[in-house]
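Please examine the sequence and the structure shown below before reading further. The explanation that comes after it is meant for a reader who has not seen this structure before.

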Amino acid sequence: MKLPRYIEIAKELEEKILNNTYKKNERLPAERILAEEYNVTRVTIRNAIEHLVLKGFLEKKVGSGNYVKKNTLNLNISEQLSFSEKSHFLKQTPRTDVIEFKEISGDAKLMEIFNCDSNEVFFFIKRVRYLDNTPVNLENTYLPKSLFPNLTKDIMKGSKYDFVEKTLSIKESYNKITPILPNEELSLLFNLTSCEPIFYKTSIGISKKDIPFEYSELYFNPNIYEFTFTSKR
């Protein structure tokens with residue numbers, strides 16, 4: 001099935017952004033010029049630009065035009081993409097440091113999330129994610145040992161979801177995002193003052209068998225991340 005023309009144009013513009021034909025913070029040609037270049041209407045160009053704004057590649061400046069965004073990680077709340085998949089779009093090198101890896105017993109909170117008893121054992125993993133040596137998020141993850149008995153510290157240096165999908169199929173995740181003030185650890189990690197808010201997200205991963213397989217708490221560097229969502233009528 002042939003893609004809509006505005007999607008085809010958006011893909012071509014996206015590739016020009018990724019290969020630095022259009023550099024970060026650079027203004028795109030005017031809609032009229034792009035419409036002539038691609039031999040389409042300005043409405044089609046406008047739809048292509050809106051598509052790239054939603055994906056986080058462009059930003060609109062009223063009265064000025066459309067600009068290539070600086071290197072930020074744009075997370076669409078409706079997407080289920082790994083950190084590695086997202087960082088690929090920015091052409092930056094991801095790195096994961098596993099700060100803590102241990103087995104713990106389930107407390108009341110985990111027992112409620114995973115619908116289990118106190119005998120359930122969990123892996124607790126604390127990780128810091130980097131892009132080109134800049135810390136971008138800190139993640140605390142809880143995974144049931146019964147689902148992932150072969151999990152190791154080395155595995156968690158890579159993609160968590162690549163590992164998970166070797167065991168089960170992911171259906172969806174339930175996420176909640178809240179602005180909070182950073183504690184001392186996060187302030188030092190992200191080079192912030194204690195008065196600068198950060199994004200805090202909790203996430204519960206659900207398999208296609210409707211079984212909770214993951215609970216994570218994530219703290220995001222506000223200088224790197226932004227969040228978007230799509231509303232449909």
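The following paragraphs treat one helix and its surroundings, then some loop residues, and finally the cysteines. The model is a predicted one.

A suitable place to begin is helix α2, which spans residues 31–38. Within this helix, the residues Glu31, Leu34, Ala35 and Tyr38 are buried. These four lie on the same side of α2, because they cover an arc of only 105° around the axis. The partners against which the buried residues of α2 pack are the helices α1 (5–18) and α3 (42–55), together with the strand β2 (65–68).

The backbone on either side of this helix also deserves attention. In the loop between α1 and α2 lies asparagine 25. Although asparagine 25 is not a glycine, its phi is positive, at about 70°. Asparagine 39, located just after α2, likewise takes a positive phi, here of about 55°.

A further asparagine belongs to another part of the chain. Asparagine 191 is found in the loop that runs between α7 (184–190) and β8 (198–207). This residue is not a glycine either, yet its phi is positive, at about 60°. The side chain and backbone of a residue may be covered or open to the surroundings; asparagine 191 is exposed, with a relative accessible area of 69%.

The last topic is the cysteines. How many disulfides does a search of the whole structure find? The search finds zero. Cysteine 116 has a relative accessibility of 18% and therefore counts as buried, the limit being under 20%. Cysteine 195, by contrast, is exposed, and its relative accessible area is 64%.

Note on methods: Residues numbered from 1 in each chain as written. Predicted model: local features only at pLDDT ≥ 70, side-chain atom pairs only at ≥ 80, totals over all residues. Heavy atoms only, no water. Buried < 20%, exposed > 50% of the residue type's maximum accessible area, 1.4 Å probe, protein only. Helix = DSSP H or I, 4+ residues; strand = E, 2+ residues; numbered from the N terminus. Arc of directions from axis to C-beta. Contact = heavy atoms within 4.5 Å. Disulfide = S-S within 2.5 Å.
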